[in-house]
Amino acid sequence: MRRTARAILAALVVIGASPAATAADAVAPPSMKWTFDGLFGAFDRAALRRGFQVYTEVCAACHSLRLVHYRNLTEIGFSEDQVKAIAAEVEVADGPDAEGEMFDRPARPSDRFVSPFANDNAARAANNGALPPDLSLVAKSRIGGPDYLYGLMVGYREAPAEMEMSEGMEYNAYFPGHQIAMPAPLSEDQVEYADGTEATVSQMAKDVTNFLVWAAEPELEERKRMGVKIVLFLILLTGMLYAVKRAIWSDVPH
């Protein structure tokens, strides 16, 4: 009975600490201007490649990207040979072989991004019980989308003196409840960009946000182009129908 009561209490604590329950405590993140915003918006390919580098060198140690294939990287400007080389840097489990045994092999472009942990339990064990979320759809699943992701990465601060922080938690100005289990992921000059861009925390946060938005909506640009074509077609069709109507009814007395 006592164990059941403890379980119920623990569940209530988890529910009370969830983003939905603490949304009132959240501070609106900075409103950013993104190249992919608007009807004619498009991704900045250079920013996407830099964002991929930040994900690979920083985020991939804890966060998976399970819905993205290595071959998709050709869409952001990598050549097929570059994609093959990127994939081959990690190994994936395959098999069974002729003897019925599983084996490891270098990843191929057709493989999905390799997760940093074998399963959720291993991920929790390596992160003090916290499960790092998969980032495949995080840009669409969080209120505020890219602005929230950017704000989260630049929002780490010293906790106010009057705020009592739980053990192992970090203060973040834009996270609901302001207490987050993930340490600050970015620091100045943490990566060295191949194009010479200065790797400030703000720049890295912008770049990896661009990459995560693309990962969540790789069809974004195509969808916008299709939308523009449909709008133009409807405008043309409306004009034609109006002209036909005038031609048919012009000799009919009103």
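Phe78 is a good place to start: with a relative accessibility of 15%, this residue falls under the 20% cut-off and so counts as buried. The model it comes from is a predicted one. Phe78 has an aromatic partner in Phe52, which is also buried, at 7% relative accessibility.

Ten aromatic pairs turn up in the model. In the one made by Phe52 and Phe78, the ring centres are 5.5 Å apart and the planes meet at 70 degrees, so this pair is edge-to-face. Phe52 belongs to helix 2, while Phe78 sits in the loop between helix 2 and helix 3, so the pair ties together parts of the chain that are 26 residues apart in sequence. Both rings also belong to a wider group, since one aromatic cluster takes in Phe52, Tyr55, Tyr70, Phe78, Phe113, Phe211 and Trp214.

The loop that holds Phe78 is also home to His69. At 14% relative accessibility, His69 counts as buried too. Leaving aside residues up to four places away in sequence, His69 touches a run made up of Pro109, Ser110, Asp111, Arg112 and Phe113. Of these contacts, Phe113 is a name already met, as a member of the aromatic cluster.

Phe52 comes up again at the second largest pocket, which holds about 310 Å³ of space. Sixteen residues is the count for its lining, and those closest to the centre of the pocket are Phe52, Thr56, Ile86, Glu89 and Val90. Helix 2 (45–57) and helix 3 (80–88) each put at least two residues into this lining. Helix 2 provides the largest share, with five residues. Sorted by class, the lining of the second largest pocket comes out as ten nonpolar, four polar and two charged residues.

Next comes Asp207, a residue of helix 7 (residues 201–216). Despite carrying an acidic side chain by class, Asp207 is buried, with a relative accessible area of 1%. Its contacts, not counting residues up to four places away in sequence, are Ala47, Arg50, Gly51 and Tyr193. Two of those contacts also meet each other: the charged end of Arg50 sits over the ring of Tyr193, 5.7 Å from the ring centre.

Helix 7 is also one of the packing partners of helix 6. Helix 6 (residues 145–154) is mostly covered, as nine of its ten residues are buried. The buried set runs through Gly145, Pro146, Asp147, Tyr148, Leu149, Tyr150, Gly151, Leu152 and Met153. These buried residues pack against helix 5 (138–141), strand 4 (179–180) and helix 7.

Stepping back to the whole chain, there are eight helices and four strands. Along the sequence they come in the order α-α-α-β-β-α-α-α-β-β-α-α. Of the 254 residues, 33% count as buried. As for contacts with a sequence separation of 6 or more, 60% are between residues 24 or more positions apart.

Definitions and conventions. Residues numbered from 1 in each chain as written. Predicted model: local features only at pLDDT ≥ 70, side-chain atom pairs only at ≥ 80, totals over all residues. Heavy atoms only, no water. Buried < 20%, exposed > 50% of the residue type's maximum accessible area, 1.4 Å probe, protein only. Contact = heavy atoms within 4.5 Å. 1 Å grid on protein atoms, 1.4 Å probe; cavity = no way out; pocket = protein on both sides within 12 Å on 5 of 7 lines; lining within 4 Å. Points joined across faces, edges and corners; volume = space filled by probe spheres on them. Phe/Tyr/Trp six-rings, centres within 6.5 Å; stacked < 30°, edge-to-face > 60°. Lys NZ or Arg CZ within 6 Å of the ring centre and 35° of its normal.
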